[in-house]
Amino acid sequence: MKVNSGFYNNKTLKKGLEFAAKNGALFAASTTFALSATLRPAVILLTPEADKQNKKIACAKSISSSGVGFLMTLGLSLPLMFAMKKIDKNPQKYFKSVNAYDKKSYAFATQMFKLGLGAAIAIPKAILTAAGLPYVMQSFFPKKDERLTFRGKDKLPRSIGKVLDNKNFQKFSEKYKNSNFPMHIFAGIDILTTMTFIRQILKGNKVEDDRKKILACNAGISTGLSVASGYVLDGLTEKPTERFIEKFKKANKGLPNLEKQIEGIKIAKPIVLLAVVYYTLIPLISTFLADRTQKNKS
């Protein structure tokens with residue numbers, strides 16, 4: 001098989017994959033922030049035959065959610081990233097049974113911490129998103145005549161090491177090391193975040209009552225469609241991804257960080273797939289359907 005080594009040896013590509021492997025949560029938050037603040041609002045605003053105010057509040061939700069998620073992930077993931085870097089360099093220092101892990105099991109176990117951060121902040125992120133929505137609306141969509149009415153140094157590595165040393169955790173890692181863990185956790189985080197956001201919006205008093213249902217409906221449709229289509233695309237791209245990895249390996253034989261970069265490919269894939277779906281096609285469909293739902297009930 002002939003391999004175009006120029007592309008597979010691209011420094012930017014390899015750095016990006018290493019970043020995804022080292023800090024998958026921040027990689028996802030950065031991708032989300034970039035697209036949520038630009039592409040998704042643009043697509044929402046271009047949705048035909050939808051109420052302008054509904055489109056504006058959907059844009060504000062997108063910007064608020066991505067901004068809160070990025071800042072929270074940035075603040076919480078950096079200490080974790082440095083802790084995991086210490087463990088990767090000298091695992092024997094932090095837990096005893098390092099030899100019990102093969103490469104796949106160890107990679108899976110450490111990614112549980114790196115990607116699990118997104119799940120840990122899902123609920124507070126949704127609560128802060130709902131709370132910050134009125135301020136984003138006022139900042140990005142001000143109205144002149146009318147406004148919406150709103151009502152120890154090694155402590156962390158050693159703590160992680162204790163979890164990695166746990167026999168049950170090791171058995172869990174061994175059992176699920178070949179599973180589609182990254183896709184499952186990103187989908188789970190999206191669902192948990194959306195459910196919390198919907199609950200906060202419906203029970204709160206910061207958004208007008210006639211806008212609550214449309215916003216909740218938009219969020220639910222967006223997440224449902226993006227998760228379902230994400231899994232479909234993930235299945236369709238499984239073999240092309242395997243071929244990409246094989247070509248990448250051939251083009252980078254002997255590279256010290258090759259395994260990390262392969263790990264990065266597996267982490268980046270579901271993030272990119274969900275981002276492409278969630279920030280292009282889904283906003284158009286969800287905004288249109290949510291608007292139709294509201295009008296049909298009126």
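## Pockets, a cavity and cores in a predicted model

Leu13, Leu17, Thr241, Phe244, Ile265, Ala268, Lys269, Val272 and Leu273 form the lining of the second largest pocket. Keep in mind that this is a predicted model. The pocket those residues line has a volume of about 200 Å³. H2, H13 and H14 each put at least two residues into its lining, and H14 has the largest share, with five residues. By class, the lining of this second largest pocket splits into seven nonpolar, one polar and one charged.

Now for the largest pocket, which comes in at about 1400 Å³. It has 43 lining residues, and Ala107, Glu259, Ile262, Glu263 and Lys266 are the closest to its centre. Helix H2 (11-22), H5, H7, H11, helix H12 (209-236), H13 and H14 are the elements that give two or more residues to that lining. H14 again turns up as the top contributor here, giving nine residues to the lining of the largest pocket. As for chemistry, the largest pocket is lined by 15 nonpolar, eight polar and 20 charged residues.

There's enclosed space too: the largest cavity holds about 620 Å³. Of its 33 lining residues, Thr32, Lys125, Ile189, Asp190 and Tyr279 sit closest to the centre. Two or more lining residues come from each of helix H3 (24-36), helix H5 (52-89), helix H7 (103-120), helix H8 (122-140), helix H11 (181-203) and helix H14 (258-297). The cavity lining is made up of 16 nonpolar, 13 polar and four charged residues.

Here are the three spaces by volume and lining:

| Space | Volume | Lining by class |
|---|---|---|
| Largest pocket | about 1400 Å³ | 15 nonpolar, eight polar, 20 charged residues |
| Largest cavity | about 620 Å³ | 16 nonpolar, 13 polar, four charged residues |
| Second largest pocket | about 200 Å³ | seven nonpolar, one polar, one charged residue |

On to the packing. Which residues touch the most other members of the largest nonpolar core? In this core of 18 residues, they are Ile87, Phe95, Tyr101, Ile160 and Leu164. The elements giving two or more residues to the core are H5, H7 and helix H9 (155-165), with H5 giving the most, six residues. Separate from that core is another one of 17 residues, with Ile44, Cys59, Phe197 and Leu215 among them. Back in the largest core, Ile87 makes contact with Tyr94, Phe95, Tyr106, Pro157, Ile160, Gly161 and Leu164, once its neighbours within four places in sequence are left aside.

Gln92 sits in helix H6 (residues 91-94). Is Gln92 buried or exposed? It counts as exposed, because its relative accessibility is 54% and the cut-off for exposed is over 50%. Gln92 and Ala25 are 67 residues apart along the chain, and their C-alpha atoms are separated by 25 Å.

How far to trust all this? The protein chain has a mean pLDDT of 80, with 91% of its residues at 70 or more. Helix H13 (residues 238-251) has the highest confidence, at 90, while helix H1 (residues 5-8) has the lowest, at a mean of 73. Residues 146-151 are a stretch to handle separately: pLDDT stays under 50 there, and the model gives these residues 18 contacts beyond four places in sequence.

Technical notes. Residues are numbered from 1 along each chain as its sequence is written. This is a predicted model: local features need pLDDT of at least 70, side-chain atom pairs count only at pLDDT 80 or more; totals for chains, interfaces and linings use all residues. Side-chain values use heavy atoms; hydrogens and water are left out. Helices (H or I, at least four residues) and strands (E, at least two) are DSSP runs, numbered from the N terminus. Buried means under 20% relative accessible area, exposed over 50%, partly exposed in between (1.4 Å probe, protein chains only). On a 1 Å grid over the protein atoms alone, a cavity is a set of points where a 1.4 Å probe fits but cannot get out, and a pocket is an open set with protein on both sides within 12 Å along at least five of seven lines; lining residues have an atom within 4 Å of a point. Grid points are joined across faces, edges and corners, and a volume is the space filled by probe spheres set on the points. Ala, Val, Leu, Ile, Met, Phe, Trp, Tyr, Cys and Pro count as nonpolar, Asp, Glu, Lys and Arg as charged, and the others, Gly among them, as polar. pLDDT is the predictor's confidence in each residue, from 0 to 100. Contact means heavy atoms within 4.5 Å. A nonpolar core is a set of buried Ala, Val, Leu, Ile, Met, Phe, Trp, Tyr and Cys residues joined through side-chain atoms within 4.5 Å.
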